[in-house]
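I opened a fresh page for this chain and kept notes on what I looked up, entry by entry.

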Amino acid sequence: PATFSGLHDALEGRRCTQVVMLGSGMDSRPWRLELPPGVAWFEVDRKDVLRAKQQTLKRAGAAFVGTQAKAKYPLTCASWTGVALDLQEENWSDKLIASGFSPKQPTAWVLEGLLYYLQPDTVPSMLKEAARVSA
């Protein structure tokens with residue numbers, strides 16, 4: 001799919017060192033894709049969604065730290081961080097930055113299947129906020 005190849009192209013050659021999935025849901029790419037070394041992966045969603053995801057993945061044997069190579073499903077990126085926040089709030093990126101995201105590092109942003117869950121009038125400001133913290 002185009003999204004996977006676009007993400008791969010962004011990470012190849014270390015053009016991007018961070019990935020942020022907005023509205024990540026139950027996506028499992030950090031455990032399935034072959035990712036270049038050193039990629040920091042951030043997943044943004046509601047607190048209840050991230051909690052359910054972590055519980056499900058832990059029960060399945062997924063690692064949440066890159067050093068757990070013996071896990072049934074090892075993490076394929078350097079780090080994974082779940083960030084619980086509401087993308088429709090102003091300055092939502094403050095919580096992302098407080099979770100270790102660096103606005104100075106090149107970032108690949110993924111927004112699949114998210115926008116139709118948001119109020120249409122909040123989408124432009126959400127996208128501007130992402131652009132504001134992008135290197």
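Before listing neighbours I fixed the term: I take contact to mean heavy atoms within 4.5 Å. I also note at the outset that what I have open is a predicted model.

Entry on Ala-62. I started with Ala-62, which I found in the loop between α3 (47-60) and β3. Leaving out residues up to four places away in sequence, I listed Trp-31, Leu-57 and Tyr-73 as what Ala-62 touches. Its relative accessible area is 12%, and because buried means under 20%, I put Ala-62 down as buried. I also checked the distance to Pro-30, which lies 32 residues away along the chain, and the C-alpha atoms of Ala-62 and Pro-30 are separated by 10 Å.

Entry on Trp-31. From Ala-62 I moved to its neighbour Trp-31, and with residues up to four places away in sequence not counted, I found that Trp-31 touches Ala-62 and Ala-63, and also Glu-43, Lys-53, Leu-57, Phe-64, Tyr-73, Pro-74, Leu-75, Thr-76 and Trp-80. I then looked up the largest nonpolar core, which has 18 residues, and Trp-31 is among those that touch the most other members, together with Leu-7, Leu-11, Val-19 and Trp-41. At least two residues of this core are supplied by each of α1 (2-11), β1 (18-22) and β4 (107-110), and the largest share, 3 residues, comes from α1. Apart from this core I noted another one of 17 residues, including Trp-92, Leu-114, Leu-118 and Val-133.

Entry on Glu-43. Is Glu-43 buried or exposed? I read a relative accessible area of 0% for Glu-43, so I recorded this residue, an acidic one by name, as buried. Glu-43 sits in strand β2 (residues 40-45), and I looked next for polar partners of its side chain. There is a polar contact with the side chain of Ser-24 at 3.4 Å, and another with the side chain of Trp-80 at 3.3 Å. Beyond four places in sequence, the residues in contact with Glu-43 include Met-21, Asp-27, Pro-30, Leu-50, Lys-53 and Thr-81.

Entry on Ser-24. I followed the polar contact to its other end, where Ser-24 lies in the loop between β1 and α2 (29-32). Ser-24 counts as buried because its relative accessibility is 6%. Setting aside residues up to four places away in sequence, Ser-24 touches Glu-43, Val-44, Asp-45, Leu-50 and Lys-53.

Entry on Val-110. I found Val-110 in strand β4, and at 6% relative accessibility I counted Val-110 as buried. Val-110 and Leu-22 are 88 residues apart in sequence, yet I read 6.2 Å between them, C-alpha to C-alpha. Leu-22 also appears among the residues that Val-110 touches, including Leu-7, Val-19 and Arg-29.

Entry on the largest pocket. The space in the largest pocket comes to about 250 Å³. Among the lining residues I noted Gly-23, Val-44, Arg-46, Asp-86, Gln-88 and Tyr-117, and the lining as a whole divides into 6 nonpolar, 2 polar and 3 charged residues.

Entry on Asn-91. Last, I checked a backbone angle, keeping in mind that most residues other than glycine have a negative phi. Asn-91 is not a glycine, but has a positive phi of about 55 degrees. Asn-91 is placed in the loop between β3 (79-84) and α4 (93-98), and with a relative accessible area of 42% I recorded Asn-91 as partly exposed.

Methods: Residues numbered from 1 in each chain as written. Predicted model: local features only at pLDDT ≥ 70, side-chain atom pairs only at ≥ 80, totals over all residues. Heavy atoms only, no water. Helix = DSSP H or I, 4+ residues; strand = E, 2+ residues; numbered from the N terminus. Buried < 20%, exposed > 50% of the residue type's maximum accessible area, 1.4 Å probe, protein only. Polar contact = N/O pair within 3.5 Å; in protein donor to acceptor, adjacent residues only side chain to side chain. Core = buried A, V, L, I, M, F, W, Y, C linked by side-chain atoms within 4.5 Å. 1 Å grid on protein atoms, 1.4 Å probe; cavity = no way out; pocket = protein on both sides within 12 Å on 5 of 7 lines; lining within 4 Å. Points joined across faces, edges and corners; volume = space filled by probe spheres on them. Nonpolar A, V, L, I, M, F, W, Y, C, P; charged D, E, K, R; others polar.
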